[in-house]
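Visitor: I would like a close look at one part of this model, its strands and the loops that join them. Could you walk me through that part and then place it in the rest of the chain?

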Amino acid sequence: MAGSTGVLFVSRVHGSSDPAEGPRAAPRGIRATIAGMRCQRTLKAAARFEGVGLHGGRTSTVTVEPAPEWTGLIFVREDLGGRRLPALQQYRAPMVNATRLEHDGVAVDTPEHLLAALYALGVDNALLRLEGPEVPILDGSALPFARGILERGLVDQDALCPEIVVTQPVGVGDASRRLELHPCDGFRLSAAIDFEHRHLGHQQLTVRLDRVEDFLAKLAPARTFALRRDVERLMEMGLARGGSLDSAVVVGDEGVEGSALRFPDEFVRHKLLDVVGDLALLGCPLRARVIAWRSGHALHGRLADALLSDPRNFLFESPPDGPPKPPAAPAPPGRAGSRAG
Ligand SMILES: [Zn+2]
């Protein structure tokens, strides 16, 4: 919807009290005026990316295709006859060191950097056609995805975009690692990391992600990282088989191996990138402040579940004229670390 500035009438709907509830008609909640609700967005043309998967080590391609409004982001496993898996929190599988979507025997691994790029660019609707079980890692950052998508161009669609507005603090974790959401008029993130390693100690950073330029300059280039001493352990777990110095920053006893860091604090920037990619599974933009202290993928998933588990935590602001998408429901208790598809 071009030129849709000014005051808009929207439905403000508290979260569903039944987390197992599927898509539903919108209850008409409190009507309120909200300025600046943006249009849904998709690509002008398809963008294709090819590379190895970080954990599986197999070559795969993902093609990001334009899709109609209200589609959302949906993975399509072309190698499995076109079976679909929406990029939503309810399909997140419980994993320790990685993000996996899984449903009905179909899985998608390592979606988080692509999803972070789509979220930050405001791409609400796209088919993510995947040849293989894992999104290619490329250079370990979100920058190639963001650049490739921007080169194709973005187009505003007619429908307005729903939004999740956090209304009270939500937190998960313990004394050693913690992740919190707080009410905020925008999307703001703070993270701190603290490793017991002389080349990777304490780093902290706060960013606002209200503009695409902020994402491109501050978070998108930050690469995946691992300590050398953890790489062998990951490989024993069947992970990181596609990892190399071209796709990750590896920190050894003598310092950073391979190419130089892109930022002195590239590690905490990548942590923020992962937070964005994992919270993108909420399925629509989030208005909140995120505070992450030594968080990881498992905690990111738990925070999204905690947010959605209590309808008092958020308002789901949806335009009154379209099929409303409810927030993604928490995943049912799953099988940690299982492999599928
Ligand atoms: Zn990452």
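Guide: Gladly, and let us begin with a caution, since this is a predicted model. Over residues 15–35 the pLDDT stays under 50, and for this stretch the model has 41 contacts beyond four places in sequence. For the chain as a whole the average pLDDT is 83, with 83% of the residues scoring at least 70. Residues 1–11 also have a pLDDT below 50, and that stretch has 28 contacts in the model beyond near neighbours in sequence.

With that in mind, here is the setting. The chain holds 22 strands and 6 helices. Of its 341 residues, 45% are buried. If you take the contacts between residues at least 6 apart in sequence, 75% of them join residues at least 24 apart.

Now to the strands themselves. Five of them make an open sheet with mixed pairing, in the order β4-β5-β11-β6-β7. Its edge strands are β4 (47–52) and β7 (83–86), each of which pairs on one side only. From one strand to the next, the twist averages 20 degrees. Within this sheet, β5 and β11 (residues 126–131) run antiparallel and are joined by 6 bridges. As a landmark for your viewer, look for T63, which stands opposite R129 in β11. Helix α2 (residues 143–152) packs on this sheet, where it touches β4 and β5, and its direction makes about 160 degrees with that of β4.

Follow the chain on from β5 (59–66) and you come to the loop that leads to β6 (73–77), where W70 lies. W70 deserves a pause: its phi is positive, at about 70 degrees, although it is not a glycine. How buried or exposed is W70? With 15 other C-beta atoms within 10 Å, W70 is partly exposed.

A second sheet gives a good companion view. Here 3 strands form an open sheet in the order β8-β9-β10, with antiparallel pairing. β8 and β10 stand at the edges with a single partner strand each, so one side of each has no neighbour in the sheet. Between β9 and β10 the antiparallel pairing extends over 4 bridges. One bridge to find is that of H103, whose partner in β10 is V106.

The loop between β9 (100–103) and β10 (106–109) contains D104. Like the tryptophan above, D104 is a residue other than glycine with a positive phi, here near 55 degrees. D104 counts as exposed, because it has 11 C-beta neighbours inside 10 Å.

To finish, β8 leads us to a helix later in the chain. The buried residues of α6 pack against β8 (92–93), and also against β14 (170–173), β15 (178–182), α5 (266–279) and β22 (314–318). Helix α6 (residues 297–309) has 13 residues and reaches 18 Å from its first C-alpha to its last, close to the 18 Å expected at 1.5 Å a residue. Which residues of α6 are buried? They are H297, L299, H300, G301, L303, A304, L307 and L308. When you look at their spacing, recall that an α-helix has 3.6 residues a turn, so residues three or four places apart point the same way.

Definitions and conventions. Residues are numbered from 1 along each chain as its sequence is written. This is a predicted model: local features need pLDDT of at least 70, side-chain atom pairs count only at pLDDT 80 or more; totals for chains, interfaces and linings use all residues. Helices (H or I, at least four residues) and strands (E, at least two) are DSSP runs, numbered from the N terminus. A residue is buried if 20 or more other C-beta atoms lie within 10 Å of its own, exposed if 12 or fewer, and partly exposed in between; C-beta atoms are placed from the backbone. Two residues are in contact if their C-beta atoms, placed from the backbone, lie within 7 Å. The expected span of a helix is 1.5 Å times one less than its number of residues. pLDDT is the predictor's confidence in each residue, from 0 to 100. Two strands pair if DSSP finds at least two bridges between them. Axes are lines fitted to C-alpha atoms, for helices over the stretch in contact, and angles run from 0 to 180 degrees between N-to-C directions.
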